[in-house]
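Open the structure in your viewer and keep the selection tool at hand. This tour goes from one stop to the next and says what is there.

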Amino acid sequence: MPLASDGPRPLDLDKLFAARLHAARARPYLATALFALHPVESRWVPTMAVDRHWRCYVSPAFVDRTPVEELAGVWVHEVSHLLRDHHGRSERVARERELRGPGERLRMNIAADCEINDDAFGDGLVQPEGAVTPGFLGLQPGELMEDYLRQFRLGPYTQNLAWLDCGSGADGREREWDLGPDGAHGLSEQERDAVRFRVAQGISGRRGSAPAGWRRWAEEAFHPPQPWRELLGAAVRSAASGPGAGEDYSYGRPSRRSAGVPGAVLPSLRRRPPQVSVVIDTSASVSDAELGSAILEVAAISRAVGGRRDMVTVVPCDAAADIAYPLCRGEGIPLLGGGGTDLRAGFTRALRARPRPDVIVALTDGQTPWPSTRPPCRTVVGLFPRSPSSYDEDDAEYIPDSPPAWARVVEIGSGPGRFAVNVV
Amino acid sequence: MPACTPLALVDTPSDPFVSHSAPAPRTSQLDVAADLLTLLRHSTTEPRPDDQLEALTLAVAADLPVLLWGEPGIGKTAALTQLAEALDLPLTTVIASVHEPSDFSGLPIVGDDPAEQGVPMAPPDWAVRLVRAGRGLLFLDELSTAPPAVQAALLRLVLERRIGALTLPPGVRIVAAANPRGSAADGWELSPPLANRFVHLQWTHDHEVVVRGLGGTWPRATLPRLDPAKLAGAVEFARRAVCGLLAARPKLVHQLPSSEARRGGAWPSPRSWEMTLTLIAFATAAGSSRDVLSLLVRGTVGDGPGLELLASLDRMDLPDPETLLADPAGAVLPERGDLRQAVLDGVVAAVRTRPDRSRWDAAWALLVRALETGAPDLVVVPATTLASLRQEDWDVPASIEKLAGVVTLSRRADHAADRAAARSAVAAKAGR
């Protein structure tokens, strides 16, 4: 970008701060973060850019030629990169997918911009000129940077985006203008977390005023949902290897060490593979693909804890449950059904089996009556979220019964948290 | 050592290379191999700050049970070796998964008359040596791959410090390590009461450190030293920090983890808050950074309450509104914008709770000072609120003229808001 023709002009700080004030008024939940940013005048940056230490580099020429209301939008845009930890996530993505070079970093910057811009503007805030939106690239709004990154390449569309540069705070690549970790007015990692935490708390505390994208961020920023496979695995494992099942010490036979301690009775390690019953809700609301992956997961886990394939029983259940199938015939299990579900029938059927199951895993969407008393074995509930978007607020009047307290509940289908930083 | 077997075979006379060489070489193949190994093992160290090792050191020094969560093979043992060196303690490593429960609860030794004398539970040799030495670092590795009964026996060892009939002396410090739930092959899971007794530290590897280390230079962490002069102040600070937060947020005192995702991790209870208090005192006495403290606090009471505590520590560092009001001319305001605004808001709130003329004037003087030393947009909200506190017989102070720029700035933002509204109205019309 060419500088103003009449030589370099000083940075118009009043204009820049008026814009920040407007931004903080339009987005009060971001005010803490906006005020924590430290502006640094820089003639290297094309427009405005941030680094990971929460400094905001500003081009005087850009401030000169941009109206206050658009500058406010740029402030919000830049602070969003930092709040959403785009630099950390870019680094992670670069390492995981082995993406190298400035071109890939430019793609990360564009993908991060798409994540921010699809719901950042409007409602008192003007979209700055040249802001990249998912629509501009022909993509769907509402996705995360990591997802956008898979969906476009650099090409004719992105040709005139090559000047786009939100700094190392957006894509993790150090810039020549960066002041670095030792420069003045940087925020330490803990301070950055503290600011992000306060913003997240402000958003969760004032439900309804922030757009869905920010509410989701606030929910996940410090409590990322864990991958359901791991959670289900941990729940089934601990249920299947508790006392009475799995591998443990028993006094049923003397220990091989007993010879060394005459007269004493030592326990020995014995393995009793766990018997697992999977009760499946076959009502229409659960998709076959979800069910299939959940069943495979349960089978794999029970094998890992020492069970055999024939020790996993599957009980399909809608309003009634008549038959239990061993999993070795798994491919042919008819998962037909539909209409109402009554999981109580499934539990009764599973408990009638001989030998009795050590663990019951119920896979359901939760739209069902639950047994009123605790079954005589450990219970894990894999719960499929009812609505496709759990943030759908139109569906607020219907609240299904939640699973009973004696069951361990794992929500299936929520992806791994990608906003999180420092929470391993 | 299985890796030596092929090399040993090379040395036998049946090997063609060795049997045909006429003068027997003075150095055998094994010696050459030893030379090569020496070269490979030769590495230097460089000083490098290591937050997780510093956090571990402080927790161990504070004699709190630490649980390191980390994938196998990422250098937990190496870190423990370094820690033992730094604390000058002999290191004893016990691999939990190859032991039986009786190794930790004691082996029953039947004597002549069990009914009369009872059956003593004999401890294993390493425990006897530890007790005899009176001091040491006991590292219980691979806790998560041991069968449940062994885990139960080990937890008793960690928490009650008893092995069979022996009690570990206070000079022995214990650290345990476990694999994260997702990768543990067996049913390892801490119940919430047990999880509450540990400081949970996530152990991760740093890509750069590994690459540089394999290249021959490993990091050498400078470990914290407790400063005897700071002890009393550290305790006072820690008590003020924890009590201040819990007095304001009673709900944080006890929160049993409810969701499946948070099981087995740190959660707040009076017990873990007491541990937090201890750790704050240790970190303060050692002069550790907030980043280290953050690892410790979040590993003790969990992320949410931990972050709230850290945020309130940041607030504790802010100047007291009453001090500022007493001497507005000498006031030093924080540089960071969000903190500066928090201070100014605090000052205005203090005037509101006890309004009188001189305090109101002092607050205006502070706002002028804030305007002269920092960004003007931070002053807008406090100035508006302060103006609304004016009582009828109070004259407007002369210094208020210096705040004219703030009014201009505020108007400029208002105009921008109007234009933004107009533009979106036009856009909406064009869109339909």
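The stops below cover chain A, the interface with chain B, and two loop residues.

This is a predicted model, in which local features need pLDDT of at least 70 and side-chain atom pairs count only at pLDDT 80 or more, while totals for chains, interfaces and linings use all residues. Residues are numbered from 1 along each chain as its sequence is written, chains are lettered from A and ligands numbered from 1 in the order in which they are written, and side-chain values use heavy atoms, with hydrogens and water left out.

**Stop 1: chain A**

Select chain A and show it as a cartoon. It has 13 helices and eleven strands; these are DSSP runs, helices being H or I with at least four residues and strands E with at least two, numbered from the N terminus. Of its 424 residues, 55% are buried, meaning under 20% relative accessible area, with exposed over 50% and partly exposed in between (1.4 Å probe, protein chains only).

**Stop 2: the interface**

Now add chain B. Here 59 residues of chain B are in contact with 61 residues of chain A, where contact means heavy atoms within 4.5 Å. The area buried between the two chains is about 5,000 Å², and carbon and sulfur atoms give 56% of it. Buried area is the accessible area (1.4 Å probe) that two parts lose on being put together, summed over both.

Next, select B:Asp377 and A:Arg20. Their side chains meet in a salt bridge, 2.5 Å from N to O. The term stands for a side-chain nitrogen of Lys or Arg within 4 Å of a carboxyl oxygen of Asp or Glu. The count between chain B and chain A is eight salt bridges.

Which elements of chain B give two or more residues to the side that touches chain A? Among them are α9 (148-160), α17 (337-353) and α20 (404-431). The largest share, ten residues, comes from α20(B).

**Stop 3: two loop residues**

Most residues other than glycine have a negative phi. Select A:Asp85, in the loop between α4 (68-83) and α5 (86-97) of chain A. A:Asp85 has a positive phi of about 55°. Is A:Asp85 buried or exposed? At 3% relative accessibility, A:Asp85 counts as buried.

Last, select B:Asp63, in the loop between α4 (51-61) and β2 (66-69) of chain B. Phi of B:Asp63 is also positive, near 60°. B:Asp63 has 34% relative accessibility, so it counts as partly exposed.
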